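I opened this entry to record what I looked up about the ligand site and the backbone of this model. The notes follow the order in which I checked each point.

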Amino acid sequence: MLYIVATPIGNMGDITLRAIETLKACAFVIAENPHYSKRLLEHVGAWPKEVVQFAEFNEQQVVKDLTRRLKKEDGCLITDAGTPGISDPGFRLVRECVKENVQIVPIPGANAAIAALCASGLPTDKFMFLGFLQKTAAKTVSALQSASDAEATAIFYESPERILKTLSYISNAFPASQVVIARELTKMHEEFIRGTPLDIIHQLKQKPSIKGEMTVLISFK
Ligand code: SAM
């Protein structure tokens, strides 16, 4: 059996009781980064435990062996933060397990996109999650245009290094849109920055440095 276990996106308190029980009970853990995940497993009392790696660079080599093993033993898939498979490794393993009739059980929990959306103040009735956008202006605008056409709030993940460039594309194409940057969610310096794309560019430029994990939301209404 394969358990898809969500882990915290910053605050170690954001792990469910069921996630802890499942991590303790499973035969082995499948982690994006075993070294990084050891800290979490120790924190929840699920250490020592065998941890095998399933990351972007090796998923194709290990997916079939892992699936064969999951037919006989229970394993928990975790990533560095949040919900596996959401802009993180997971999909290919789940697809193979579906193909091979391995039972899959989600253990829901933290996810940056949903945490950002529910506190953004932007419409939550319809949203389009775009993952990490492709880097050119044309591809950024085309992805956002599809959310605008669907009358959905757009949500995407962005790095602090690229945020000003991305906001400049948004400002040119959608100057009247409402943007929210959810930064460092669940951590000590959690912050929501709200305004038009240009307002946000000004606010970010006033900071001594632009850093931290960011989720960006846009309403076109
Ligand atoms: N699987 C994760 C999830 O469920 O949210 C997302 C993993 S993706 C590789 C990492 C990106 O998610 C970061 O670059 C950032 O854009 C966003 N993110 C993760 N943690 C965050 C946080 N605490 N605050 C804001 N955004 C976050």
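**Ligand shell and backbone notes**

I began with the secondary structure around the ligand in this predicted model. Strand 7 (153-158) and strand 10 (214-219) each contribute at least two residues to the ligand shell.

I then listed the shell itself. I found 19 residues surrounding the ligand. The closest are T83, D88, N111, Y157 and M214. By class, I noted nine nonpolar, five polar and five charged residues in the shell.

Next I asked which domains supply the shell. Domain 1 (2-107) and domain 2 (112-219) each provide at least three of its residues.

I looked up where the ligand sits with respect to the pockets. The ligand occupies the largest pocket.

I turned to contacts between ligand atoms and the polar backbone atoms of the protein. For L185, I recorded a distance of 2.9 Å from a polar backbone atom to a nitrogen atom of the ligand. For A81, a polar backbone atom is 3.2 Å from a ligand nitrogen atom. For E158, the partner is an oxygen atom of the ligand, and the distance to the polar backbone atom is 3.5 Å. I also checked how much of the ligand is covered: on its own the ligand has 580 Å² of accessible area, and the protein covers 89% of that area.

Finally, I went through the backbone geometry. I noted a cis peptide bond between W47 and P48, with omega at about 5°. P48 belongs to the loop that runs between helix 2 (34-43) and strand 3 (50-53). I also noted S87, a residue other than glycine with a positive phi, near 50°. S87 is located in the loop between strand 4 (75-78) and helix 4 (91-99).

Technical notes
Residues are numbered from 1 along each chain as its sequence is written. This is a predicted model: local features need pLDDT of at least 70, side-chain atom pairs count only at pLDDT 80 or more; totals for chains, interfaces and linings use all residues. Side-chain values use heavy atoms; hydrogens and water are left out. A residue is near a molecule or strand if one of its heavy atoms lies within 4 Å of it. A polar contact is a pair of N or O atoms within 3.5 Å; within protein, one must be able to donate a hydrogen and the other to accept it, and residues adjacent in sequence count only if both atoms are side-chain atoms. Accessible areas come from the Shrake-Rupley method with a 1.4 Å probe; for residues, only the protein chains shown count as cover. On a 1 Å grid over the protein atoms alone, a cavity is a set of points where a 1.4 Å probe fits but cannot get out, and a pocket is an open set with protein on both sides within 12 Å along at least five of seven lines; lining residues have an atom within 4 Å of a point. A molecule sits in a cavity or pocket if more than half of its atoms lie within 2 Å of its grid points. Helices (H or I, at least four residues) and strands (E, at least two) are DSSP runs, numbered from the N terminus. Ala, Val, Leu, Ile, Met, Phe, Trp, Tyr, Cys and Pro count as nonpolar, Asp, Glu, Lys and Arg as charged, and the others, Gly among them, as polar. Domain bounds come from an automatic or database domain assignment.
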